[in-house]
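Here is a set of exercises to work through with the model open beside you. Try each task yourself before you read its solution.

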Amino acid sequence: MDEDCIFCKIAKGDIPSAKVYEDENTLAFLDIGPVNKGHTLVIPKRHSETLLHMDERDACHVMKTVQLVADAVKKATKAEGFNVLMSNFKAAGQVVPHAHIHIIPRFPNDGFKHWEQSNYEEGEMEEVASKITDELS
Ligand code: AMP
Ligand code: ZN
């Protein structure tokens, strides 16, 4: 537990939340600023700042809870789809430094736009792929 962390406080019950699911390792609660009603956050109870700080067990526990809760969110909100999104580190827009996954119910024409895509120059794609595979070897 990180004493200053808002999501650790929620996990501990020191700060109220609209909790929708809890088990030994994870917690799911409604986001206070929903993109669409039913927007839910899933967190590991153990404090980890980002996906890269989480141990493998917590990563598995969290994804299992995301799958379970996303199905319930979709049914409860009568959504036609949902996005699963995670911001890691400030540069990616992470505001709360306790790892969390957003489940956002989606409806046709709800106005929520995806990022614009770009493209690669000739040969650039292979170069980038090889840099990533080098990091993995
Ligand atoms: P992120 O930008 O991925 O770090 O998202 C943080 C999310 O946490 C935002 O969507 C906030 O609306 C949400 N949030 C912040 N404080 C609370 C809280 N006390 N209860 C529920 N959601 C919160
Ligand atoms: Zn925390």
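**Exercise 1. The overall layout**

Which pattern of helices and strands does the protein follow, read along the sequence? Describe the chain as a whole too.

Solution. Keep in mind from the start that this is a predicted model.

Step 1. Count the elements: the protein has three helices and five strands.

Step 2. Put them in order. Read along the sequence, they give α-β-β-β-α-β-β-α.

Step 3. Look at the dimensions. The C-alpha trace spans about 50 × 40 × 25 Å along its principal axes.

Step 4. Turn to the surface. The protein has an accessible surface of about 9,700 Å², and carbon and sulfur atoms account for 54% of this. Of its 137 residues, 31% count as buried.

Step 5. Check how far contacts reach along the chain. Taking contacts between residues at least 6 apart in sequence, 53% join residues at least 24 apart.

**Exercise 2. The zinc site**

Find the residues that coordinate the zinc ion (ligand 2), and work out the geometry of the site.

Solution. Step 1. List the donors: C5 (SG), C8 (SG), H47 (ND1) and H98 (ND1) coordinate the zinc ion (ligand 2) at 2.0 to 2.3 Å.

Step 2. Check the angles. Among the four donor atoms they run from 104 to 116 degrees, and the site is tetrahedral.

Step 3. Write the spacing of the donor residues in sequence: C-x2-C-x38-H-x50-H. Within this set, C5 and H98 link distant parts of the chain, 93 residues apart. C5 sits in the segment before α1 (6-12), and H98 in the loop between β4 and β5.

**Exercise 3. The setting of H98**

Is H98 buried or exposed, and which residues does H98 contact?

Solution. Step 1. Locate the residue: H98 belongs to the loop between β4 (81-85) and β5 (101-106).

Step 2. Apply the cut-off. Buried means under 20% relative accessible area. H98 has 0% relative accessibility, so H98 counts as buried. C5 is buried as well.

Step 3. Collect the contacts, leaving aside neighbours within four places in sequence. H98 is in contact with C5, F7, C8, I43, P44, K45, R46, H47, S48 and E49.

Step 4. Pick out a polar pair. A polar atom of the H98 side chain lies 2.8 Å from the backbone oxygen of P44.

**Exercise 4. The surroundings of ligand 1**

How many residues surround ligand 1, and which are the closest?

Solution. Step 1. Count them: 16 residues surround ligand 1, and the closest are D31, V95, V96, H100 and H102.

Step 2. Go through the polar pairs. An N or O atom in the side chain of H100 is 2.7 Å from an oxygen atom of ligand 1. An oxygen atom of ligand 1 also lies 3.0 Å from a backbone N or O atom of V96. With I32, the pair joins a polar backbone atom to a nitrogen atom of ligand 1, at 3.2 Å.

Step 3. Judge how covered the ligand is. Ligand 1 taken alone exposes 510 Å², and the protein buries 80% of that.

**Exercise 5. Two buried residues, T40 and D58**

Compare where T40 and D58 sit and what they touch.

Solution. Step 1. Place T40: this residue is found in strand β3 (residues 40-44). T40 has a relative accessible area of 1%, so T40 is buried.

Step 2. List some partners of T40, not counting residues up to four places away in sequence: among them are V20, F29, D31, I101 and H102. T40 and I101 are 61 residues apart in sequence, with C-alpha atoms 8.2 Å apart in space. The T40 side chain also has a polar atom 2.6 Å from the backbone oxygen of G38.

Step 3. Place D58: this residue is found in helix α2 (residues 56-77). With a relative accessible area of 2%, D58 is buried. Beyond neighbours within four places in sequence, D58 is in contact with N25, P44 and R46.

**Exercise 6. Backbone angles to check**

What sign does phi have at F89 and at N109?

Solution. Step 1. Recall the background: most residues other than glycine have a negative phi.

Step 2. Read the angles. F89 has a positive phi of about 75 degrees, and N109 has a positive phi of about 55 degrees.

Step 3. Add the settings. F89 lies in the loop between β4 and β5 and is partly exposed, at 39% relative accessible area. N109 lies in the loop between β5 and α3 (124-136) and is exposed, at 82%.

Key. Residues numbered from 1 in each chain as written. Chains lettered and ligands numbered in written order. Predicted model: local features only at pLDDT ≥ 70, side-chain atom pairs only at ≥ 80, totals over all residues. Heavy atoms only, no water. Helix = DSSP H or I, 4+ residues; strand = E, 2+ residues; numbered from the N terminus. Buried < 20%, exposed > 50% of the residue type's maximum accessible area, 1.4 Å probe, protein only. Polar contact = N/O pair within 3.5 Å; in protein donor to acceptor, adjacent residues only side chain to side chain. Contact = heavy atoms within 4.5 Å. Donors = N, O, S within 2.8 Å, 3.2 Å for Na, K, Ca; no water. Tetrahedral: all angles 85-135°; square planar, octahedral: opposite > 155°, others 65-115°. Near = heavy atom within 4 Å. Areas by Shrake-Rupley, 256 points an atom, 1.4 Å probe, with all protein chains shown as cover.
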